[in-house]
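Trainee: I would like a close look at one part of this protein. Could you take me through the salt bridges and what they link?

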Amino acid sequence: MNFYQNFFDTLYELEKKKVSSVGSFVWENIQIPADVKSVLDVGCWQGDFLNSLSDTYEKTGVDICSDALKNLRCKAIACSSESLPFPDRSIDLVTCFEVLEHLPHSIFSKSVSEIERVSSKYIAVSVPNKQMLKQAFVKCQQCSCLFNPDWHVRSFDQMKLKSL
């Protein structure tokens with residue numbers, strides 16, 4: 001098992017009982033264009049967004065954590081966001097809600113490129129805005145390691161998003 005899969009499997013175990021919050025606000029309010037027939041949710045986690053959509057869409061969820069995919073009521077594929085198993089421009093709408101801020105630097109750029117590659121029409125992304133990562137750090141009482149309690153490794157602002 002590679003490092004990233006192990007990391008996100010562990011994160012899933014820690015987070016699976018949390019109530020949806022920021023991400024759910026985004027997907028509960030998204031307006032999907034009328035010409036969308038297929039939807040891919042990258043980093044779909046437990047599939048709340050896809051499960052909320054009508055079955056009139058061809059829905060697929062991908063996540064590196066296979067346990068999270070058990071909750072999906074549509075096609076589910078266990079894979080990394082850096083290597084999406086879809087042809088170029090094959091999905092009308094690719095979503096990625098509250099995921100990019102968690103991706104390690106070594107796979108971030110490739111993941112963004114993959115999202116762009118498979119989208120034929122639209123991309124919808126949500127990330128925290130101007131989060132002060134270091135100010136949110138907490139210290140582990142056992143090992144004294146500093147970490148972000150939300151497991152975020154990067155912050156975004158309007159300029160960074162435009163550059164993507």
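Mentor: Here is a walk from the whole chain to its salt bridges, with a stop at one helix.

Keep in mind that this model is predicted. Start with the whole. The protein has 5 helices and 7 strands. Along the sequence they run α-α-β-α-β-β-β-α-β-β-β-α. The chain counts 164 residues, and 45% of them are buried. About 9700 Å² is exposed, with carbon and sulfur atoms supplying 53% of that area. Now look at contacts between residues at least 6 apart in sequence. Of these, 63% join residues at least 24 apart.

Next, the charges. Side chains of opposite charge can pair when their charged atoms come close. This structure holds 7 salt bridges.

Take helix α4, which spans residues 105–118. Arg117 sits in this helix, while Asp88 sits in the loop between β3 (75–78) and β4 (91–97). Their side chains form a salt bridge, and the closest N and O atoms are 2.7 Å apart. That pair links distant parts of the chain, 29 residues apart. Asp88 is partly exposed at 43% relative accessibility. Arg117 is partly exposed too, at 22%. The cut-off for buried is under 20%, so Arg117 at 22% does not count as buried.

Arg117 has another partner. It forms a salt bridge with Glu114, with the closest N and O atoms 2.8 Å apart. Why are these two about one helical turn apart? Because they lie 3 residues apart in helix α4. Glu114 has a relative accessibility of 5%, so it counts as buried. Now put the pieces together. Salt bridges that share partners join Asp88, Lys110, Glu114 and Arg117 into one network.

Stay on helix α4 for one more residue. Ser109 is found there. Its relative accessible area is 52%, so it is exposed. The C-alpha atoms of Ser109 and Glu82 are 8.2 Å apart, although the two residues are 27 apart along the chain.

Finally, look at another salt bridge. Lys121 and Asp35 meet through their side chains, at 3.6 Å from N to O. Lys121 lies in strand β5 (residues 119–126), and Asp35 lies in the loop between α2 (22–28) and β1 (38–42), so the pair ties together parts 86 residues apart in sequence. Both ends are partly exposed: Lys121 at 41% relative accessibility, and Asp35 at 33%.

Definitions and conventions:
Residues are numbered from 1 along each chain as its sequence is written. This is a predicted model: local features need pLDDT of at least 70, side-chain atom pairs count only at pLDDT 80 or more; totals for chains, interfaces and linings use all residues. Side-chain values use heavy atoms; hydrogens and water are left out. Helices (H or I, at least four residues) and strands (E, at least two) are DSSP runs, numbered from the N terminus. Buried means under 20% relative accessible area, exposed over 50%, partly exposed in between (1.4 Å probe, protein chains only). Contact means heavy atoms within 4.5 Å. Accessible areas come from the Shrake-Rupley method with a 1.4 Å probe; for residues, only the protein chains shown count as cover. A salt bridge is a side-chain nitrogen of Lys or Arg within 4 Å of a carboxyl oxygen of Asp or Glu.
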